[in-house]
Amino acid sequence: MSEYCKPRNLICKTGLMFFAVVLVAGAVARRQQTAALAPVPPVAPAARASAAAIPPAAPADPPQTSEAPQTLHLMVGRSLVLSSPTRIKRISVADPSIADAIVVSPTQVLVNGKAPGGVSLLLWDDSEQSQVFEVSVDIDILSLSEKIHEVFPNEPVQIETSKDSVILSGHASSAAIAEKILDVVKNAAPKVTSLIQTPATQPGEILLEVKFAEVDRSAVSQFGVNILSLPGSKNIGSISTQQFGPPSLVTNTTTTAAATTTSSSTLNGGFTVSSLLNIFLYRPDLNLAGTIQALQEQNILQILAEPNLLTASGKDASFLAGGQFPYPVLQATQSGGASGITIQFKEYGVRLNFTPTIQPDGLIHLKVAPEVSSLDFTNAVTLQGFTIPALSTRRVESEMDLRDGQTFAIAGLIDNQVQSQLSKIPGIGDIPILGKLFQSHSSTKSKDELLIIVTPRIVQPLSPNEVPPGPSFPIPFLAPTAATQATAPGAK
């Protein structure tokens, strides 16, 4: 080879090497660009703060939007971090009251859940490529579910959310338990839908057997002495404590009329005894009399009522054995004056109000309110000639759960009252033994005791062939008529 060709071969080799280097560099650049455009799998959201990757859209000349938006789920009060391989240029949130988005770095966006609901989130990068996300903000039911299963561990109830509403499903042992679970969830969520299934209530009629037993005992003790000297003795007078019908001094007045003048004279002497009490003593030789009140009374009142009430499950029933007494009521006008008196009636006696409910487990839930009232004339009020008696009332309200045929008793309703009144003459009434003659006292003791026994029973209606016969009357009301046999016309 000549010297001329050597430089040319060197140039050719150098050119070939440069061309190979350019090809290799282009291949490497294309491989890096392809790796940069590869989608990055999103990261699953954590309990409180999570990260999600944004896959970039395929490079194209005009700006495009992803056709399949991704769905993001987060709770109210929780946050979610979105990471992008490219720089984020701008963001847009459809409703900031549901969720807001904050750019924390050129490639990261922080999404905060504010209220239950759904909202759209759009992101644009430097090349005007957009990505759409559907953000669903739900109520945080994790703590609520833990609380319900802690309070009701044996109730298989599930809690789910649908945007701003909470859905309860599963089974509850009774309707009362399902109602309590619903009340707990209503305090934490604005909208609650209950799909909890409860056992069906057993149908049936409930017969309530009630026994009222009341004993009212009272004891009265009275003692008093009135001493007086009757007219005819040198000294006329009386001694009394003014408690039991004391005697009163009588003044006699004599008037004499003449033709022209009238004269009168007054003679003092004599007694009027309004009540001899129950013992009267008189000594003619001493011209001394005394009236003594010595009385002991013992009264007893017994009331026994056995009402039986029948009602359906969940319905109210009432019973009253007594009556009504009238009492006047003053009617007032609009101007403030009295227009007249009307008569109204007040009920009294043995009363019973109850509401039974058959539970799914066979228990009978009872709400009972027994009452015993009677007229009390000792505390009566007299108004314009009308005597209005008071009412002595004993009332009980209670709720309990019983089995069929079980019995409960309400006892201890005892009312003990003692009234005592003592009167004496000062000084002489304090002398031992002799002072008893110058004292009087009256005491009243009463003791009321009430016992209520209740027995519920589940009964079924009788069939036509099981109806019990009525009571037999020993004396017939009317004589039976003679039976006649009618024969149809044309019959033989």
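Strands β7 (residues 117-125) and β8 (residues 130-138) run antiparallel to each other and are joined by eight bridges. One of these contacts puts V119 opposite V135, its bridge partner in β8. Strands here are DSSP runs of E with at least two residues, numbered from the N terminus, and two of them pair if DSSP finds at least two bridges between them.

A quick word on the source: this is a predicted model, where local features need pLDDT of at least 70, side-chain atom pairs count only at pLDDT 80 or more, and totals for chains, interfaces and linings use all residues. Residues are numbered from 1 along each chain as its sequence is written, and side-chain values use heavy atoms, with hydrogens and water left out.

Back to the strands. β7 and β8 belong to an open sheet of four strands, ordered β2-β8-β7-β4, with mixed pairing. β2 (70-75) and β4 (88-93) sit at the edges with a single partner strand each, so one side of each has no neighbour in the sheet. On average, neighbouring strands in this sheet are turned by 25 degrees against each other, direction ignored. For such angles, axes are lines fitted to C-alpha atoms, and values run from 0 to 180 degrees between N-to-C directions.

Now for the charged side chains. A salt bridge here is a side-chain nitrogen of Lys or Arg within 4 Å of a carboxyl oxygen of Asp or Glu, and the count comes to seven. Three of them are worth a look:

| Pair | N to O distance |
|---|---|
| E128 and R90 | 3.4 Å |
| R457 and E209 | 3.3 Å |
| R351 and E347 | 2.5 Å |

Where does the pair of E128 and R90 sit in the chain? E128 lies in the loop between β7 and β8, while R90 is in strand β4, and the two are 38 residues apart. This pair also belongs to something wider: K89, R90 and E128 are linked in a network of salt bridges.

R457 and E209 also link distant parts of the chain, with R457 in strand β25 (residues 439-459), E209 in strand β12 (residues 205-229), and their positions 248 residues apart.

Are these residues buried or exposed? Buried means under 20% relative accessible area, exposed means over 50%, and partly exposed is in between (1.4 Å probe, protein chains only). E128 is partly exposed at 23%, and R90 is partly exposed at 36%. R457 counts as partly exposed at 34%, as does E209 at 27%. E347 is partly exposed too, with a relative accessible area of 32%.
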